[in-house]
Amino acid sequence: MQIDTLVTFSLGGIVGYLIRTLIDHFLAKSRTAEDREAKRHDEAVATFRRTILTELEGIYPVTHVWEEQSYPRFRQSIPKIERAAMEFSHFTKRKTELDMAIKEYRDYCWKVNYESVTAWHMYPSMRRPDDVGPVEAFKHLVEHLFSIAETK
């Protein structure tokens with residue numbers, strides 16, 4: 001009888017060990033998949049941010065008034081920024097917000113021109129107290145895009 005009891009305890013221990021090993025395996029596999037997904041997300045964020053910074057080099061970050069020859073770059077940046085956002089959209093849960101931010105970016109870049117920005121700076125008396133300048137508006141647009149693309 002003692003041998004039967006010993007065998008039962010041993011089989012119970014072995015089965016328990018095998019079940020625990022199986023659970024550990026699935027948990028490790030799940031963590032690995034989550035780690036891979038987090039890494040892919042972080043790489044997508046880095047690519048999105050790098051594309052924006054590369055495309056806007058010289059006009060963002062805004063440290064001075066833009067030169068007249070810089071203004072065509074705003075419109076020229078639209079397709080590359082839109083493409084980067086489209087590629088990044090697969091990695092964000094804030095897709096609707098990203099789409100809206102890209103629309104605002106496109107609208108701004110399509111309308112901004114040297115004359116309107118110069119007039120903003122030359123005629124401060126024509127501004128309302130709550131008006132946001134064109135340079136500050138652009139800065140907010142780009143920073144909003146960056147805020148959507150934060151790492152996990």
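Which residues do ring pairs link into a cluster? I opened my notebook with that one, and the predicted model gave me a clear list: Trp66, Tyr71, Phe74, Tyr105, Tyr108, Tyr114 and Phe138.

**Entry 1: aromatic pairs**

I counted the ring pairs next and arrived at eleven aromatic pairs. I then picked out tryptophan 66 and phenylalanine 74, whose ring centres sit 4.9 Å apart with the planes at 75°. Planes over 60 degrees apart count as edge-to-face, so this pair is edge-to-face. I checked burial as well: tryptophan 66 and phenylalanine 74 are both buried.

My other pick was tyrosine 105 with phenylalanine 138, at 6.1 Å centre to centre and 40° between the planes, which I noted as tilted. I liked this one for its reach along the chain: tyrosine 105 belongs to helix 3 and phenylalanine 138 to helix 5, 33 residues apart, and the pair links these distant parts. Tyrosine 105 is buried, as is phenylalanine 138.

**Entry 2: helix 3 with helix 5**

That pair sent me to the two helices themselves. I have helix 3 at residues 95-111 and helix 5 at residues 134-148; their axes come within 10 Å and cross at roughly 155°. Angles over 145 degrees count as roughly antiparallel, and helix 3 and helix 5 are therefore roughly antiparallel to each other. I noted the hand of their crossing too: left-handed.

Who meets whom here? From helix 3 I wrote down Glu97, Leu98, Ala101, Ile102, Glu104, Tyr105, Tyr108 and Cys109. Facing them from helix 5, I found Pro134, Val135, Ala137, Phe138, Leu141, Val142, His144, Leu145 and Ile148. Sorting this contact by class gave me 14 nonpolar residues, one polar and two charged.

**Entry 3: helix 2 with helix 3**

I turned to helix 2, residues 72-88, and found its axis within 9 Å of that of helix 3, with a crossing of roughly 175°. That angle makes helix 2 roughly antiparallel to helix 3.

On the helix 2 side, I listed Phe74, Arg75, Ser77, Ile78, Ile81, Glu82, Ala85 and Phe88 in the contact. Helix 3 brings Leu98, Ile102, Tyr105, Arg106, Tyr108, Cys109 and Trp110. By class, I have eleven nonpolar residues, one polar and three charged for helix 2 with helix 3.

**Entry 4: looking back**

I went back to the cluster with these lists in hand. Phe74 is in the cluster and also in the helix 2 contact with helix 3. Tyr105 and Tyr108, cluster members too, appear in the helix 3 contact with helix 5 and in the one with helix 2.

Technical notes:
Residues numbered from 1 in each chain as written. Predicted model: local features only at pLDDT ≥ 70, side-chain atom pairs only at ≥ 80, totals over all residues. Heavy atoms only, no water. Axes fitted to C-alpha atoms, helices over the stretch in contact; angles between N-to-C directions. Helix = DSSP H or I, 4+ residues; strand = E, 2+ residues; numbered from the N terminus. Parallel < 35°, antiparallel > 145°, perpendicular 65-115°, else oblique. Left-handed = near helix turned anticlockwise from the far one by under 90°. Contact = heavy atoms within 4.5 Å. Nonpolar A, V, L, I, M, F, W, Y, C, P; charged D, E, K, R; others polar. Phe/Tyr/Trp six-rings, centres within 6.5 Å; stacked < 30°, edge-to-face > 60°. Buried < 20%, exposed > 50% of the residue type's maximum accessible area, 1.4 Å probe, protein only.
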